[in-house]
Every structure is written in C-alpha cells, then in structure tokens.
Amino acid sequence: MTSTLTPATMKPLVLYGSLLGPNPAKVGMVLRSLGLPFEIKEVGFGDVKKEPYVSVNPNGRLPSLYDPNSDITIWESGAIIEYVIETYDKDQKISFPHASKEDWECKQWLYLQVSGQGPYYGQAWWFQFHHPTPNPSALERYQNEVKRVSGVLNKHLTSKKFLVGDKLTYADISFVTWQKSAEKMLNKDGYEIGKEFENVGGWMERLRANEGVGSVLKEQSEGMAKMAEASAAAKKE
C-alpha cells in the first residue's frame, strides 16, 4: 500500500522525459521537494508519437509517470502533480489538508498554470525560436499573453511571498520552468521582465532557493551548457 511507504522503502518512480524540458522538470521539482526517489526514462522528441511510448501516453506528449508501488501510470503534468501530492505528501510538506480552503486555492493556481501559462508561453517560445519563418503578429500575441499572465501573478503577489498561504507549495513550483523561460524570451534591448513585474521577480528568487527547485534548475543549466558545447563542436567539423 502506498499509504505506508516512505522514500526509504518505496520503489523509485519512473518519470518519462528529460529534466531539460519544462514540463518534465516541474514534475521533477515536485518529486525532489518531497524527497521521493525517481528515475528518468528519456524519450526523444522523434519517438513520442511512436510505440512503445504511445502505449504509455496515447497523447504522445511528455511527461508521463509510472508508479511501480501502485502500478499506476499517469500522464499530463498537472494530473501527475495532483497524483503525487495526494499519494505521497501526507504531511502537507508542499500542500495543505485535503478539501481545505488552501487546498482548493492550490488547485486553482495549478489549473491556471496548465491551461493559461504553459500553453501560451510554449507558443511564444515556438514562434520566437523554432518557427521556420518569422510571424511577428503571432509572436506579439503570445508575448503579450506572457506579460498578461505575469501581471496576474504580480498583482496577486503584491503582499504575499507565495501563491497560497504562507509557504511554498506545488502551486508555486508548477510555474517555475515556464516563468523562467519568459526571462530568456523577453529580456532584451534593456528590458527585464523581473523589473516590470517585481513581485514575480522576488517570488522566482525565493523559489530558486528551494533545494528541490534549485537542484533541477542547476541540472537544466548544466545540461543546456553541454548541448551548446556539442552543437558548437559539431559546427566546427
């Protein structure tokens, strides 16, 4: 029974994806923050729509999570986070008691992240860095949405250190990776998103200081640096 398991006695969870990706990484941050053992099973982008992965996740997206302790497979990052919290955060380390006011507030922020932050920030990233031809109107639309959502967060954080209650929760953690991407997308020509939305900037610094969050961000940074080095070396050949 998962209810009697501890990090020391449980089998490692299996996280499909790479911590370099924003959605697998936010799940990784939650797992790290709870001290849960997990293994990474990397799936290449060219393989997510193929077997054997589509038998794990028929939608062909990352991440997915397999829990060998319950024999349950979950996909969609928000659903994964809810499963992990309900199953393993029994002492509410990064959550609140079930059905409490704060519990519902955490859920509402998580749903904003999965529906209103991730998809729009992801489109902004695509049109800025990956779209084969420039599309200024699409890029402007999604960059404005990045600023709009940042403004929602900034207003809410006016007199708060965290989104819900007086502590860091999974709701905060869920926003980290895509909000970090906003810095790379928009910080240019003297503009800094953290200065326009100062409350968000301070909040992100507090989140980075969390060991579970910070360790994943460090791995991301190191991984990206290695990829850049490999790309530069390949161009010289």
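These are my notebook entries on a few things I looked up in this structure, which is a predicted model.

**Entry 1: the strands at the start**

I began with strand β1, residues 13-16, and looked for its neighbour. Strand β2, residues 38-41, runs parallel to β1, and 4 bridges join the two. To pin down one pairing I picked Leu15, and its bridge partner in β2 is Ile40. Next I followed the chain from one strand to the other. Helix α1, residues 22-33, belongs with β1 and β2 in a β-α-β unit, and I noted that this unit is right-handed.

**Entry 2: the nonpolar cores**

Which residues have the most contacts inside the largest nonpolar core? I found Val30, Val84, Leu163 and Trp203, in a core of 57 residues. Then I listed the elements that give two or more residues to this core: strand β1 together with the helices α1, α3 (77-88), α4 (101-129), α5 (136-156), α6 (170-186), α8 (198-208) and α9 (211-236). Helix α6 provides the largest share of this core, with 9 residues.

Apart from this core I came across another one, of 7 residues, and Val14, Tyr16, Val48 and Tyr53 are among them.

I stayed a little longer with Leu163. Leaving aside residues up to four places away in sequence, I counted off what Leu163 touches: Trp109, Leu153, His156, Leu157, Ala171, Asp172, Phe175 and Trp203. If you have the structure open, Leu163 is a friendly place to click, being among the residues with the most contacts inside the largest core.

**Entry 3: the largest pocket**

I turned to empty space next. The largest pocket has a volume of about 1600 Å³. Its lining is made by 42 residues, and those nearest the centre of the pocket are Gly21, Pro22, Asn23, Phe45 and Trp178. Helices α1, α3, α4, α6 and α9 are the elements that give two or more residues to this lining. Which element gives the most to it? My note says α4, with 8 residues.

**Entry 4: the cavity**

How many cavities of 30 Å³ or more does a search of the whole structure find? The search finds 1. The space in the largest cavity comes to about 40 Å³. Around the largest cavity I wrote down the lining residues: Gln179, Glu183, Ile193, Gly194, Phe197, Val200, Gly201 and Met204. At least two residues of that lining come from each of α6, α7 (193-196) and α8. Helix α8 gives the most, with 3 residues.

**Entry 5: cis peptide bonds**

I checked the backbone for cis bonds and noted two places. The peptide bond from Glu51 to Pro52 is cis, with omega near 10 degrees. Pro52 sits in the loop between β2 and α2 (53-56). The peptide bond from Leu62 to Pro63 is cis as well, with omega near 10 degrees. I located Pro63 in the loop between α2 and β3 (64-67).

**Entry 6: positive phi angles**

Last, I looked at two residues that have a positive phi although neither is a glycine. For Asp71, phi is about 60 degrees. Asp71 lies in the loop between β3 and β4 (72-75). Is Asp71 buried or exposed? Asp71 is exposed, because its relative accessible area of 58% is over the 50% cut-off.

For Glu76, phi is about 80 degrees, and the loop that holds Glu76 is the one between β4 and α3. Glu76 has a relative accessible area of 41%, so I put it down as partly exposed.

Technical notes
Residues are numbered from 1 along each chain as its sequence is written. This is a predicted model: local features need pLDDT of at least 70, side-chain atom pairs count only at pLDDT 80 or more; totals for chains, interfaces and linings use all residues. Side-chain values use heavy atoms; hydrogens and water are left out. Two strands pair if DSSP finds at least two bridges between them. A crossover is right-handed if, with the strands pointing away from the viewer, the path from the first strand over the helix to the second runs clockwise. A nonpolar core is a set of buried Ala, Val, Leu, Ile, Met, Phe, Trp, Tyr and Cys residues joined through side-chain atoms within 4.5 Å. Buried means under 20% relative accessible area, exposed over 50%, partly exposed in between (1.4 Å probe, protein chains only). Contact means heavy atoms within 4.5 Å. On a 1 Å grid over the protein atoms alone, a cavity is a set of points where a 1.4 Å probe fits but cannot get out, and a pocket is an open set with protein on both sides within 12 Å along at least five of seven lines; lining residues have an atom within 4 Å of a point. Grid points are joined across faces, edges and corners, and a volume is the space filled by probe spheres set on the points.
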